[in-house]
Amino acid sequence: PKAPLPKPEWIRVRLAGGEEAERFQSIKATLRAHRLHTVCEEASCPNIHECFGKGTATFMILGDVCTRRCPFCDVAHGKPLPPDPAEPEHLARTVAAMRLRYVVITSVDRDDLRDGGAAHFAACIRAVREHSPSTRIEVLVPDFRGRLEAALEAFAHDLPDVMNHNLETVPRLYRQARPGADYAHSLRLLAEFKARHPEVATKSGLMVGLGETDEEIVQVMRDLRAHGCDMLTIGQYLQPSSGHLPVERYVPPETFAAFEREALALGFRHAACGPLVRSSYWADRQAQEAGVA
Ligand code: SF4
Ligand code: SF4
């Protein structure tokens, strides 16, 4: 294998100090006490100190074992446990105890469940609404491939404030980077949700550095707009370990800035593009700026 590319100076991970570090520890303790998982920890997100320090977290429901195996992703794969019926209540109590104004709820892919886990998502939304009526909720969902109708049905009465589904990469790289997923299907999920619930903002995200070109990224933006997507995030792919896909390029900050301008010109309500941007990074601020929260 090729030697990894050296990390450029703009990929610097900031460590929390003082008060933020304390908050980081206390959030971790709360999470352990409620047996909840966060993407922040499972995916070794580089923003974890900052987000935990500010009191934001992305919760991972339906367990931490995925039925798929995407070679860029650090989540464990295998045979997951059945959904925990107590989880929506645990999540809702934690969100209330942490007084979160904005929460992101996501899950691994659950190809083993008939609705892909959509009803469990809906139960979590319902429980958080009951305990924290003013908290805004963003869901970051798997693709529900082969179960789209059942999944859309499950959300019908428990809507999030933002429906997020990441395309992750350009269609040419799907076979290699997203085995089991399908570009056209993912676009359809966003479009069909929007058609049913035009009042709910839709959002998607991409990683760069997997071998795509800038022009391919812009084409994905056009496809997203053609499917009614309102919000966009683009961030740098970082290799979680030497066993994962290599980083093919580090995109410089000026190119991210150009992507952001292009996205706004194409009509996205909001675009966040930058080396350390993640789908859920400052999700609350993205939603505010998009006029959602
Ligand atoms: Fe967690 Fe998202 Fe922040 Fe990363 S960017 S630490 S996944 S909330
Ligand atoms: Fe990771 Fe999602 Fe792929 Fe599962 S489906 S391996 S959680 S990126």
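This is a short talk on the ligand shells, one pocket and one cavity in the structure above.

Okay, one thing up front: what you're looking at is a predicted model.

Let's start with ligand 1. Going around it, you meet V39, C40, C45, N47, I48, C51 and T58, and then R278, S280 and Y281. Two helices show up here: α2, which runs 39–42, and α3, which runs 48–54, each give at least two residues to that shell. If you sort the shell around ligand 1 by class, you get six nonpolar residues, three polar and one charged.

Now over to ligand 2. Who sits around that one? The residues are C66, R68, C70, F72, C73 and D109. By class that's four nonpolar and two charged, with no polar residues in the shell.

Right, on to the empty spaces. The second largest pocket comes out at about 290 Å³. It has 16 lining residues, and the ones closest to its centre are H37, G63, L81, D84 and E87. The lining of that pocket is a mix: seven nonpolar, four polar and five charged.

What about cavities? There's one cavity of 30 Å³ or more, and the largest cavity holds about 30 Å³ of space. So who lines the largest cavity? You've got D109, R110, D111 and G116, plus P142, D143, F144, R145 and R147. Sorted by class, the cavity lining has six charged residues, two nonpolar and one polar.

One residue to keep an eye on as you click around is D109: it's in the shell of ligand 2, and it turns up again in the lining of the largest cavity.

Notes: Residues are numbered from 1 along each chain as its sequence is written. Chains are lettered from A and ligands numbered from 1 in the order in which they are written. This is a predicted model: local features need pLDDT of at least 70, side-chain atom pairs count only at pLDDT 80 or more; totals for chains, interfaces and linings use all residues. Side-chain values use heavy atoms; hydrogens and water are left out. A residue is near a molecule or strand if one of its heavy atoms lies within 4 Å of it. Ala, Val, Leu, Ile, Met, Phe, Trp, Tyr, Cys and Pro count as nonpolar, Asp, Glu, Lys and Arg as charged, and the others, Gly among them, as polar. Helices (H or I, at least four residues) and strands (E, at least two) are DSSP runs, numbered from the N terminus. On a 1 Å grid over the protein atoms alone, a cavity is a set of points where a 1.4 Å probe fits but cannot get out, and a pocket is an open set with protein on both sides within 12 Å along at least five of seven lines; lining residues have an atom within 4 Å of a point. Grid points are joined across faces, edges and corners, and a volume is the space filled by probe spheres set on the points.
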